[in-house]
Every structure is written in structure tokens, then in C-alpha cells.
Amino acid sequence: MISLLYSPLLILALLLYALGMLMGFGEIYRASKTTSRLENWLITGGFILHLLAFVLRFRESQALPVTNLHESLSCFALFLAGAYIWISRTARVSILGAFINPLTTVVMLWAVLITQPVSPHPPVLKSFWLPVHVIFSFAGNAMLAMTCGLGIMYLIQEHLIKTKRISRLFKRLPSLNKLDQLSYSCLSIGFPLLTLGIITGSIWASLAWGSYWSWDPKETWSLITWFLYAALLHGRINSAWRGKKAAILSIIGFGAIMFTFLGVNLLLSGLHAYAVR
């Protein structure tokens with residue numbers, strides 16, 4: 001019964017995410033409270049259905065469902081949707097959806113296209129540290145995805161100001177100062193979560209493989225990503241890195257996250273090879 005409900009719930013969640021994304025695009029051309037509310041309802045509805053599918057998968061597999069590429073993509077999309085809902089409601093930047101929800105929809109679509117049945121887990125994945133490491137890592141990645149979206153918005157708005165193009169998009173985008181401050185807030189939350197994800201992953205690696213650090217490609221790229229964001233946060237606190245420089249580094253940092261998450265798994269071999277099953 002659980003397996004019968006899982007795929008339909010994922011597909012319905014994907015449809016709601018896609019409709020929410022389209023509403024976000026529409027809001028660029030014709031913003032209204034109705035459009036904004038409908039967009040948030042669609043994404044929230046998709047998130048609830050997605051969360052229900054996630055729980056059903058958890059009950060069926062008796063473990064956090066993040067043990068293959070399909071489950072990892074689905075989990076990442078779930079955290080992206082959750083982070084967007086939180087930020088859009090607390091910061092009231094409704095147009096952020098036009099820059100975040102496409103990523104959520106694409107990741108979810110990929111997950112749906114490669115849906116796999118539950119399979120027995122390798123012994124290394126039967127650990128208390130799996131959910132701890134995954135929750136910190138995906139939560140951090142989702143918050144840092146927000147900084148990427150806000151960085152793109154900042155660069156677009158700055159370009160529109162410099163070229164004096166008073167377009168619809170210029171009127172919809174928040175001020176440069178608000179975008180910069182919100183990006184810093186997301187970085188301040190996302191970086192500690194990313195750090196905890198790496199620390200808990202190291203503890204898990206010690207228990208599973210006998211070493212805290214093996215310079216596995218995934219571990220190496222995680223460290224590279226951490227240094228990028230550490231430099232960005234340090235620069236913002238101590239060197240007054242603001243505006244365009246911070247926006248560009250936020251986008252580069254998220255590129256490193258995506259390569260660590262997907263590129264390493266798909267292109268390089270290592271101890272985390274189970275993630276592309």
C-alpha cells in the first residue's frame with residue numbers, strides 16, 4: 001500500500017511545485033497579492049504532499065530515505081521547498097520564488113524520473129549518524145541555495161540600475177540593500193549547518209571506515225566548499241565584503257555545493273559510490 005501511494009504523491013508534489021514556479025514567473029510581469037498567495041499555497045501544498053511521501057518512504061525502508069540518487073534528489077528538493085517557504089514568509093520577498101522554485105522543480109523532476117523501489121541498505125548506511133549528517137547537510141545546502149538565488153537577484157537589480165532600465169523586473173525586485181542583508185542572514189544560518197554536516201559526517205566516517213578523514217573526492221570537495229563559504233563569511237564580517245562581490249561568491253559557492261552533491265557522485269569514484277545507485 002505504501003509503495004502504491006509513494007509515486008503518485010511525488011508526482012502531485014512535482015505538479016504543484018511546477019505550477020508554483022509558473023506563478024512565480026507570472027509575478028514578474030503582473031504582481032498581485034492573489035498571485036503571491038497562490039504561489040505560496042501551491043509550493044506549500046507540494047511540500048506537504050512531498051513530506052507525506054518522504055514519511056511513507058521512511059516507514060517502508062525503516063531508515064532515512066537518502067540512500068540512492070533518487071532519494072537524495074527528492075530529499076534535497078524537500079529541503080529547498082521548506083527553506084523557500086520559511087524565507088518567503090519571514091522576509092516577505094515573494095519574487096524569490098521565481099529564482100528558487102525552478103531549481104526545486106528541476107531537482108524534483110529528476111527524482112521522479114529515476115524513482116526506484118526500496119532496496120536493502122549497505123551496512124555502512126545503518127547508522128544513527130546518517131539522519132544527523134544528512135539533515136544538517138541538506139538544511140545547510142538549502143539555506144545556501146537561498147543565498148545563490150538572492151545573489152542572482154542582486155546582480156540583475158544592480159545591472160538594471162546601472163543601465164537605468166526601469167522595467168517590470170526592476171520594480172518587483174527588492175532594493176540592493178535588502179537583498180544583500182537577506183543573503184547575509186541566509187549565509188549566517190546556512191554556514192553553521194554546513195559545518196555541522198561536515199563534522200557529523202566525519203564522526204560517521206570514523207565509526208564506519210576507521211578514519212575521520214580519508215580525502216575521498218566527496219570529502220575533499222566538501223572541504224573546498226566549506227573554505228569558499230568560510231572565506232565569504234569572514235570577508236563579510238571583517239573585510240566589509242558586500243554587494244556584488246558577495247553575490248558572485250554566493251553563486252560560486254553554490255556551484256561548489258552542487259558539484260559536491262551531484263558532480264562528485266556522478267563523475268568521480270570513491271567511498272560514497274552508493275549514492276549513485
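## Exercises on a cavity, a pocket and a helix

In this predicted model, the lining of the second largest cavity is made up, by class, of five nonpolar, four polar and two charged residues.

**Exercise 1.** Determine which residues line the second largest cavity, and which helix gives the largest share of that lining.

*Solution.* Begin with the setting: the structure holds three cavities of 30 Å³ or more, and the second largest of them has a volume of about 50 Å³. Next, list the lining, which consists of Leu150, Gly151, Tyr154, Leu179, Asp180, Ser183, Arg236, Gly243, Ala246, Ala247 and Ser250. Then assign residues to elements: α5, α7 (176-209) and α9 (243-267) each supply at least two residues, and the largest share, four residues, comes from α9.

**Exercise 2.** Describe the lining of the largest pocket by residue, by element and by class.

*Solution.* The largest pocket, which holds about 180 Å³ of space, is lined by Ser36, Arg37, Asn40, Trp41, Ser88, Arg89, Arg92, Val93 and Ser94. Two or more of these residues come from each of α2 (33-61) and α3 (69-91), with α2 giving the most, namely four residues. Sorted by class, the lining divides into two nonpolar, four polar and three charged residues.

**Exercise 3.** Check whether the end-to-end distance of helix α5 agrees with the span expected at 1.5 Å a residue.

*Solution.* Helix α5 covers residues 129-162, 34 residues in number, so at 1.5 Å a residue it should span 50 Å. The C-alpha atoms at its ends are 49 Å apart, which agrees with that expectation. Beyond the helix, α5 is followed by Lys164, whose phi is positive, near 55°.

Notes
Residues are numbered from 1 along each chain as its sequence is written. This is a predicted model: local features need pLDDT of at least 70, side-chain atom pairs count only at pLDDT 80 or more; totals for chains, interfaces and linings use all residues. Side-chain values use heavy atoms; hydrogens and water are left out. The expected span of a helix is 1.5 Å times one less than its number of residues. On a 1 Å grid over the protein atoms alone, a cavity is a set of points where a 1.4 Å probe fits but cannot get out, and a pocket is an open set with protein on both sides within 12 Å along at least five of seven lines; lining residues have an atom within 4 Å of a point. Grid points are joined across faces, edges and corners, and a volume is the space filled by probe spheres set on the points. Ala, Val, Leu, Ile, Met, Phe, Trp, Tyr, Cys and Pro count as nonpolar, Asp, Glu, Lys and Arg as charged, and the others, Gly among them, as polar.
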